[in-house]
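Student: I would like to go through the aromatic rings and charged side chains of a structure with you, step by step. Could we look at it together?

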Amino acid sequence: SMIEIVASLCVKLAIFYTWVRVAELFARREVDAKSEQCHRSAVSSLLDMMCDAVVDVDQTLNFKAHFPKLLGMLMYMDGKSLRGASFIDLLSDGDDRRKFQDDP
């Protein structure tokens with residue numbers, strides 16, 4: 001009957017609309033992720049050009065990676081890695097360490 005055809009068409013349209021919305025959301029997430037990655041890459045490149053060494057630390061001020069440029073600046077030639085080491089441990093003066101840790 002005509003009612004069944006219309007109902008079937010409505011269900012199909014609702015499923016298609018839902019699929020389109022889901023696809024749109026996934027596409028938007030992908031674009032946002034690529035945009036953020038591009039932004040991070042641009043900032044990183046700019047910092048690399050302007051700074052002798054660029055490092056990334058976690059919330060406890062531990063290095064997230066190796067950072068050979070910083071090791072070279074510090075004249076650490078023994079091949080050790082900074083990954084997991086504390087940035088504060090590199091400060092030579094105890095007063096500087098305390099000031100850095102106490103400063104919000």
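Student: By about how many helical turns are F16 and W19 separated in helix α1?

Tutor: This is a predicted model, in which local features need pLDDT of at least 70 and side-chain atom pairs count only at pLDDT 80 or more, while totals for chains, interfaces and linings use all residues. Residues are numbered from 1 along each chain as its sequence is written, and side-chain values use heavy atoms, with hydrogens and water left out. Helices are DSSP runs of H or I with at least four residues, numbered from the N terminus. Because F16 and W19 are three residues apart in helix α1 (residues 2-50), their separation is about one helical turn.

Student: Is F63 buried or exposed?

Tutor: Buried means under 20% relative accessible area, exposed over 50%, and partly exposed in between, with a 1.4 Å probe and protein chains only. The relative accessibility of F63 is 3%, so F63 counts as buried.

Student: Which residue forms a salt bridge with R40?

Tutor: A salt bridge is a side-chain nitrogen of Lys or Arg within 4 Å of a carboxyl oxygen of Asp or Glu. R40 counts as exposed because its relative accessibility is 57%, and its partner, four residues away in helix α1, lies about one turn of the helix apart. With the closest N and O atoms 3.0 Å apart, the partner of R40 is E36.

How values were computed:
Helices (H or I, at least four residues) and strands (E, at least two) are DSSP runs, numbered from the N terminus.
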